[in-house]
Amino acid sequence: VVEVVGGFDLRAMTGRYRGSGQASYHPQILLGIIIYGYATGVFSSRKLERASYDSVAFRVIAANEHPDHDTIAAFRRRFLKQIEGLFVQVLVLAREMGVLKLGTVALDGTKIHANASRHSALSYEHAGKIEVQLKAEVADLMAKAEAADRADVADGMSIPDELARREQRLAAIARAKATIEARAKARHAREQAGYEARQAAREAKTAASGKKPRGGPPAPPVAGPLPTDQVNLTDEASRIMPMAGGGFDQCYNAQAVVAADSLLVIAGEVVQAPNDKQQLEPMLNKIAELPDVLGKVDDLLADNGYFSEGNVNACAAAEIGPVIAMGREAHHPSLSERFAQSPPPPENPDPLEAMDPRLKTPEGKKLYALRKQIPEPVFGIIKSVLGFRQFLLRGLDNVRGEWSLVTMAWNIKRMFVLAA
């Protein structure tokens, strides 16, 4: 870690320090402590401070300095975007060490808990009920305050304190309702655009065939928030998402593109959507932004959750071979299915028609089978070995930066294992 951090270009950080006041810790020391902490499963700033006293490795990285937890936490928050920008520098170093080769990569996502409880979520319907209740209590408290006879005021009750507490709750509920209403407005705009597109396609089909299409016309979207629409009062950017083992929790959806030969993460992202289908094109854009010195991606593996004709076409446009499952595979295929002859490729196929027979060839099946052993071990080690199951920071931009920090720490840990 000392060698890697020592080779970073930290001018974006050192240029923001002023020369007055008490001498500051050099960014190289604080960055080394944070990266080594994430690489060894120590994420809390308080535990990092304690490790600078108790751990020999941390003492070496910190040059026997002992930054307090407030300094470490403030540095992480202040320079999160700059730390995120160091991600590519680590990849370039891995390439120079000869441990990173792109070629085949795999894309997958995993749900990571937000720093918020799902019990802190407030639905639009329940917010309205609580708002009515609080307003009635405020009116009752105001009446008690104005009454000359205070005999009906309970012992220990402070009317100003009770009023202030309810005013704070009413303000929080008003902010939550405004957020839900803004999300509902944006959702309605998206759904309205889709509705108009479907309606236009239906009318065009009717005009072309002269016959009325089967089925009823598409239903227009409903404007306004639904009673079940909700926002989390602790981290409003997080979302309720289904979990792999069943149930729901307050999470973010973390994406990663992993190189097959090295298990190094070459691109990452955090999104609010629980579904992966819309995440392939943004990840292709991140791959395209990587420097040319890292090489070229030839094939991209992804499971059925990423399949759509648009995603296959996007891979072809990026000159990357798509290897995306077109449906769920049976767990126990029959012998005839396992050893069936590969279908001949069609003449002049489009990207989807070209991918379908490729997936059915022995080479295609063998290539797609690699998907399970590329991103899933990375997620498993990050979550179960390093113990990173929950973001420490809140807000979408902050958790994106923290995910870059986690994957960068994993890459540093992994590349030195490969080099050894």
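Two residues are in contact when heavy atoms lie within 4.5 Å. The model used in these exercises is predicted.

**Exercise 1. The core and Trp403**

Task: Find which residues have the most contacts inside the largest nonpolar core, and list what Trp403 is in contact with beyond its neighbours within four places in sequence.

Solution:
- Step 1. Start with the core. The largest nonpolar core holds 91 residues. Leu31, Ile266 and Trp403 have the most contacts inside it.
- Step 2. Look for the main contributor. Helix 17 (residues 396-419) gives the largest share of this core, 10 residues.
- Step 3. Now take Trp403, leaving aside its neighbours within four places in sequence. Its contacts include Ile112, Ala254, Gln255 and Ala256. Gly268, Glu269 and Val270 are also in contact with Trp403. So are Phe379, Ile382, Phe388 and Phe391.
- Step 4. Check for another core. A second, separate one has 13 residues, including Val138, Ile159, Leu163 and Val231.

**Exercise 2. The partners of strand 5**

Task: Work out which strands pair with strand 5 (residues 248-259), and in which sense.

Solution:
- Step 1. Take strand 1 (residues 103-113). It pairs with strand 5 in the antiparallel sense, over 9 bridges. Within this pairing, Ile112 has Tyr252 as its bridge partner.
- Step 2. Take strand 4 (residues 239-242). It is joined to strand 5 by 4 bridges, and the two run antiparallel. Ile240 stands opposite Gln250. The two strands form a hairpin with 5 residues between them. In the turn, Gly246 has a positive phi of about 105 degrees.
- Step 3. Take strand 6. Here 6 bridges make the link to strand 5, again antiparallel. Ala256 has Gly268 as its bridge partner, and Val257 stands opposite Ala267. This is a hairpin too, with 5 residues between the strands. Leu263 in its turn has a positive phi of about 60 degrees.

**Exercise 3. Covered or open?**

Task: Decide how much of strand 5 and strand 6 is buried.

Solution:
- Step 1. Fix the cut-off: buried means under 20% relative accessible area.
- Step 2. Count in strand 5. Of its 12 residues, 11 are buried, and the strand is mostly covered.
- Step 3. Count in strand 6 (residues 265-271). There 7 of the 7 residues are buried, so the strand is largely enclosed by the rest of the structure.

**Exercise 4. Two helices that cross**

Task: Classify the crossing of helix 12 (residues 309-317) and helix 14 (residues 351-360).

Solution:
- Step 1. Read the geometry. The axes come within 9 Å and cross at roughly 95 degrees.
- Step 2. Apply the cut-off. Angles of 65 to 115 degrees count as roughly perpendicular. Helix 12 is therefore roughly perpendicular to helix 14.
- Step 3. Name the residues that meet. Helix 12 brings Glu309, Val312, Asn313 and Ala316; helix 14 brings Pro351, Leu352 and Met355.
- Step 4. Sort them by class. The contact has 5 nonpolar, 1 polar and 1 charged residues.

**Exercise 5. Lys129 and Ile381**

Task: Place Lys129 and Ile381 as buried, partly exposed or exposed.

Solution:
- Step 1. Lys129 sits in helix 9 (residues 124-146). Its relative accessible area is 53%, so Lys129 is exposed.
- Step 2. Ile381 lies in helix 16 (residues 375-385). Its relative accessible area is 28%, so Ile381 is partly exposed.
- Step 3. Add distances between C-alpha atoms. Lys129 and Asp292 are 163 residues apart along the chain and separated by 57 Å. Ile381 and Trp410 are 29 residues apart in sequence and 9.0 Å apart in space.
- Step 4. Finish with contacts. Neighbours within four places aside, Ile381 is in contact with Leu386 and Trp410.

Definitions and conventions: Residues are numbered from 1 along each chain as its sequence is written. This is a predicted model: local features need pLDDT of at least 70, side-chain atom pairs count only at pLDDT 80 or more; totals for chains, interfaces and linings use all residues. Side-chain values use heavy atoms; hydrogens and water are left out. Axes are lines fitted to C-alpha atoms, for helices over the stretch in contact, and angles run from 0 to 180 degrees between N-to-C directions. Angles under 35 degrees count as roughly parallel, over 145 as roughly antiparallel, 65 to 115 as roughly perpendicular and the rest as oblique. Ala, Val, Leu, Ile, Met, Phe, Trp, Tyr, Cys and Pro count as nonpolar, Asp, Glu, Lys and Arg as charged, and the others, Gly among them, as polar. Buried means under 20% relative accessible area, exposed over 50%, partly exposed in between (1.4 Å probe, protein chains only). Two strands pair if DSSP finds at least two bridges between them. A nonpolar core is a set of buried Ala, Val, Leu, Ile, Met, Phe, Trp, Tyr and Cys residues joined through side-chain atoms within 4.5 Å.
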